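Q: Please take a close look at a single part of this model and describe it with care, strand by strand and ring by ring where that helps. I would like one connected account that starts from the part itself and then moves outward to its surroundings.

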Amino acid sequence: MDDVEGKYFEELRNPSHKTVFIMRTLVLFFLIYSIETIAQSPESQAIEVFEKYKAAILHEEFEEAVMLIDSRTWGYYGDLLHHIHYSDSLTLDTIPALDKFWVLISRHSIPKEKLLSYSTKDLIEQVLFQLGLASIYHTNISNLSKKGDTWITAELRQTPDQIPGELNFYLEDGSWKMDLRRMLAGSEEVIDQLVVATGLTENEAILQALESLNGIAQAKALVSSIKLTNKSNLGNCPLSL
């Protein structure tokens, strides 16, 4: 064994302060690199988006929360706002019951002048104000699965023993955004169960639900002013029962 090789093994057995410093620096570098690599994975980015959204809702920072929502959700609420502004009772009878419910409750719970000036962003922020906290409180995501270059699914639960829902993330303009249509709007099954439980027609069940939320007098007033014929006038068009 020559002198150089002997010094090498001696340094390994009894490392100098310089060698210890170099080794610790290298270990720290690899740890930081590994953490950054994990943080840059699509799944971890999706988790970060969810946590940012959750924090924004909890702190009532709805404008920030809106920026984390995908184009599918924006499109859904854009269509819903169109129905709120323009659809008469005949048109409303052609759309899903849950959408009809949200049209009616929006028309009644939001002052007319304010509603007429609403943009899609305003409507989404209103929904987040009304339902955001209830939909996100104690909610966590797990078991994220990347389905392609632009789509990630996650299981959504409020309690560990709950049957999980599904939350989708989509990559849009280089950023992961959340599809909140089902999370915020709810499920069509809710209306179906209401119809079965009450034995009423779909429209009757919706109106009864509105009565329970806002009172009988308000629900009757809603029926008599259901149609927004244009942006400056409320027409009268009773909901067909």
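A: Two strands are said to pair if DSSP finds at least two bridges between them. With that criterion in hand, strand 2 can serve as the part to examine, in what is a predicted model: six bridges join strand 2 to strand 3, and the two run antiparallel. On its other pairing, strand 2 meets strand 1 (residues 140-148), again in the antiparallel sense and over six bridges. Strand 1 and strand 2 also form a hairpin, with two residues between them.

The individual bridges give this arrangement its register. In the pairing with strand 1, I152 of strand 2 stands opposite K146, while T153 of strand 2 stands opposite S145. In the pairing with strand 3, the bridge partner of I152 is F169. I152 therefore has a partner in each direction, K146 and, in strand 3, F169. In a regular strand the side chains alternate between the two faces of the sheet.

The aromatic residues add a second kind of link between strand 2 and strand 3. A pair of aromatic rings is described by the distance of the centres and the angle of the planes. The structure holds four aromatic pairs, and one of them, formed by F101 and W102, is edge-to-face, with 5.4 Å centre to centre and 75 degrees between the planes. F101 is buried because its relative accessibility is 12%, and W102, at 15% relative accessibility, counts as buried too. The pair that belongs to the part under examination is that of W151 and Y170, whose ring centres are 6.3 Å apart and whose planes are at 10 degrees, so the pair is stacked. Since W151 lies in strand 2 (residues 151-157) and Y170 in strand 3 (residues 165-172), the pair ties together parts that are 19 residues apart in sequence. The two partners fall into separate accessibility classes: W151, at 34% relative accessibility, counts as partly exposed, whereas Y170 is buried, with a relative accessible area of 13%. Y170 has a charged neighbour as well, for the charged end of R72 sits over its ring, 3.5 Å from the centre.

From the strands the picture leads to helix 3 (residues 42-58), where F50 lies. F50 counts as buried because its relative accessibility is 0%. Leaving aside neighbours within four places in sequence, F50 is in contact with I136, T139, N140, I141, L156, L167, F169 and M178. One of these, F169, is the bridge partner of I152 in strand 3. The C-alpha atoms of F50 and I136, which are 86 residues apart along the chain, are separated by 9.8 Å.

F169 and L167 also appear in a wider setting. The largest nonpolar core has 50 residues, and those with the most contacts inside it are Y53, Y77, L128, L167 and F169. The largest share of this core, seven residues, comes from helix 7 (residues 97-109). Y53, apart from residues up to four places away in sequence, touches A65, L68, L128, I136, M178, L180, M183 and L184. I136 and M178 are thus among the residues that both Y53 and F50 contact.

Two loops that adjoin these strands deserve a separate remark on backbone geometry. Most residues other than glycine have a negative phi, and most peptide bonds are trans. H138, in the loop between helix 9 (120-136) and strand 1, has a phi near 60 degrees, a positive value in a residue other than glycine. D173, in the loop between strand 3 and strand 4 (175-179), likewise has a positive phi, near 55 degrees. D173 is exposed, as its relative accessible area is 83%.

As for the chain around this part, its secondary structure comes to 13 helices and six strands. Buried residues make up 36% of the 241 residues. Among contacts between residues at least 6 apart in sequence, 57% join residues at least 24 apart. The accessible surface of the chain comes to about 14,300 Å², and 57% of that surface belongs to carbon and sulfur atoms.

Technical notes. Residues numbered from 1 in each chain as written. Predicted model: local features only at pLDDT ≥ 70, side-chain atom pairs only at ≥ 80, totals over all residues. Heavy atoms only, no water. Phe/Tyr/Trp six-rings, centres within 6.5 Å; stacked < 30°, edge-to-face > 60°. Buried < 20%, exposed > 50% of the residue type's maximum accessible area, 1.4 Å probe, protein only. Helix = DSSP H or I, 4+ residues; strand = E, 2+ residues; numbered from the N terminus. Lys NZ or Arg CZ within 6 Å of the ring centre and 35° of its normal. Core = buried A, V, L, I, M, F, W, Y, C linked by side-chain atoms within 4.5 Å. Contact = heavy atoms within 4.5 Å. Areas by Shrake-Rupley, 256 points an atom, 1.4 Å probe, with all protein chains shown as cover.
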